[in-house]
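Me: Please take a close look at the sheet in this structure that has the most to tell, and at what surrounds it. I would like to follow strands, pairs and contacts one at a time, in plain words.

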Amino acid sequence: MRIKNIYLNLKDHSVSGEEFQLVYNEQLEMLETFPQPSEEQLPQYYQSEDYISHTDAKRNWFEKLYHFIKRIALKRKLKLVNSFNSEDKKLLDIGCGTGDFLNLAKSNHWQVSGVEPNPNARAIANEKTDNSIFDIDQLLKFQKHSFDVITLWHVLEHLPKLENHLAVIESLLKPNGRLVIAVPNYKSFDANYYKNNWAAFDVPRHLWHFSQKAISKLVEKKGMEVIKVEPMIFDAFYVSLLSEKYKNGFMNPLKAFWIGWRSNSKAKRSGEYSSLIYIIKKA
């Protein structure tokens with residue numbers, strides 16, 4: 001079968017070693033992973049001790065660095081959701097991993113709920129949040145229009161039924177609520193530099209690869225609109241570290257820092273940071 005509009009050929013660096021393509025969707029200005037695993041096959045691509053968001057492990061300097069940066073990022077995430085001046089402070093975090101963001105929000109008087117499909121990560125998160133974390137099926141059981149804020153921190157790219165999930169998420173959001181989506185940006189400098197070794201492509205776990213135009217179009221189709229876009233500065237450095245490993249076989253911190261710094265510097269003019277946070281409201 002010949003696939004049109006192939007943007008890149010690349011492989012799964014972290015689990016299977018299998019080869020995939022990124023296919024360009026011209027209408028939405030986004031990339032789609034091909035072939036996409038079935039929903040039954042997807043969990044096997046997350047079965048790795050190195051999949052860091054599903055564990056609290058601190059086995060080496062890289063994992064310790066990850067958790068140090070994560071603590072800084074968590075405070076910034078909390079500051080962002082606190083800025084919305086929500087009425088009842090009801091927060092839903094989809095793909096909440098081991099629950100650290102919800103744990104911090106809970107300690108700051110948010111009523112928290114979370115969704116996490118990975119059973120091990122969900123068990124860890126439930127210990128931190130008094131059993132407020134559910135499997136993915138719970139999304140269809142929550143009361144409609146019940147959340148002031150819904151967050152997806154590097155999660156949207158993992159969801160197999162993209163537009164269906166966006167429709168469900170919109171239905172759970174209060175009329176004056178806010179949706180926060182953070183995703184990698186394939187138009188960033190570090191993405192263009194590392195190309196098929198760019199760690200944030202992370203196929204086939206990442207099924208979709210978004211541009212700013214793609215996010216705007218997708219949420220508009222579901223009756224929402226992007227009202228603000230903010231950068232995730234640290235992502236350029238973290239992703240560059242992993243990309244160096246994929247490209248050269250080892251992490252090169254100095255080179256990764258240089259590429260991350262260049263990416264953030266160029267993004268100050270272009271707006272194309274390694275990862276972006278989209279703040280969205282109902283139109």
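Reply: F257 is found in helix α8, which covers residues 253–270. Together with W258 and W261, F257 makes a nonpolar surface patch of about 370 Å². Everything described here comes from a predicted model.

Now to the sheet. Seven strands form an open sheet, and their order across it is β6-β5-β4-β7-β8-β11-β10. The pairing in this sheet is mixed. Its edge strands are β6 (133–134) and β10 (224–231), each of which pairs on one side only.

Strand β7 is a good place to start. It is joined to β8, residues 173–184, by 6 bridges, and these two strands run parallel. Across this pairing, L152 stands opposite I181 in β8.

T151 is also found in strand β7. Is T151 buried or exposed? Its relative accessibility is 0%, so T151 counts as buried, the cut-off being under 20%. The side chain of T151 is joined to that of D93 by a polar contact of 2.8 Å. Leaving aside residues up to four places away in sequence, T151 touches V81, L91, L92, D93, I94, F101 and V180. D93 therefore appears twice for T151, once as its polar partner and once in the list of residues it touches.

On from β8, the next strand in the order is β11. β8 and β11 pair in the antiparallel sense over 6 bridges, with A182 standing opposite I277 in β11. β11 also pairs with β10, again in the antiparallel sense, here over 7 bridges. In that pairing V229 stands opposite Y278 in β11. β11 is mostly covered, as 7 of its 8 residues are buried.

Helix α4 is tied to β11 by a pair of charged side chains. Side chains of opposite charge can pair when their charged atoms come close. E170 forms a salt bridge with K282, and the closest N and O atoms are 3.3 Å apart. This pair links distant parts of the chain: E170 sits in helix α4 and K282 in strand β11 (residues 275–282), 112 residues apart. Both E170 and K282 are buried. As for the helix itself, α4 is mostly covered, with 8 of its 11 residues buried. Those buried residues are L162, H165, L166, V168, I169, E170, S171 and L172.

How many salt bridges are there in total? The count comes to 14, and some others are worth following.

One of them joins K161 and E39, whose side chains meet at 3.5 Å, N to O. K161 lies in the loop between β7 (147–153) and α4 (162–172), and E39 lies in the loop between β3 and α1 (61–82), so this salt bridge ties together parts that are 122 residues apart in sequence. K161 has a relative accessibility of 44%, so it counts as partly exposed. E39 has a relative accessibility of 44% and therefore counts as partly exposed too.

Another salt bridge pairs K213 with E29, the closest N and O atoms being 3.6 Å apart. Here too the pair links distant parts of the chain: K213 is in helix α6 (residues 212–220), while E29 is in the loop between β2 (19–25) and β3 (30–34), and the two are 184 residues apart. K213 is partly exposed because its relative accessible area is 38%. E29, by contrast, is buried because its relative accessible area is 17%. The line between the two classes is 20%, since buried means under that value.

There is also a network of salt bridges, and it links D12, D202 and R205.

E29 leads to the other sheet, because its loop lies between β2 and β3. In this sheet 4 strands form an open sheet in the order β1-β2-β3-β9, and the pairing is antiparallel. The edge strands here are β1 (6–11) and β9 (208–209), each pairing on one side only. β1 and β2 pair over 5 bridges in the antiparallel sense, and L8 stands opposite L22 in β2.

To return to the sheet you asked about, β11 has β8 on one side and β10 on the other in the strand order. From β11, K282 reaches E170 in α4 through a salt bridge.

Terms used
Residues numbered from 1 in each chain as written. Predicted model: local features only at pLDDT ≥ 70, side-chain atom pairs only at ≥ 80, totals over all residues. Heavy atoms only, no water. Salt bridge = Lys/Arg side-chain N within 4 Å of Asp/Glu carboxyl O. Helix = DSSP H or I, 4+ residues; strand = E, 2+ residues; numbered from the N terminus. Buried < 20%, exposed > 50% of the residue type's maximum accessible area, 1.4 Å probe, protein only. Patch = residues over 30% accessible without salt bridge, like charges linked within 9 Å, V, L, I, M, F, W, Y side chains within 5 Å. Areas by Shrake-Rupley, 256 points an atom, 1.4 Å probe, with all protein chains shown as cover. Pairing = 2+ DSSP bridges. Polar contact = N/O pair within 3.5 Å; in protein donor to acceptor, adjacent residues only side chain to side chain. Contact = heavy atoms within 4.5 Å.
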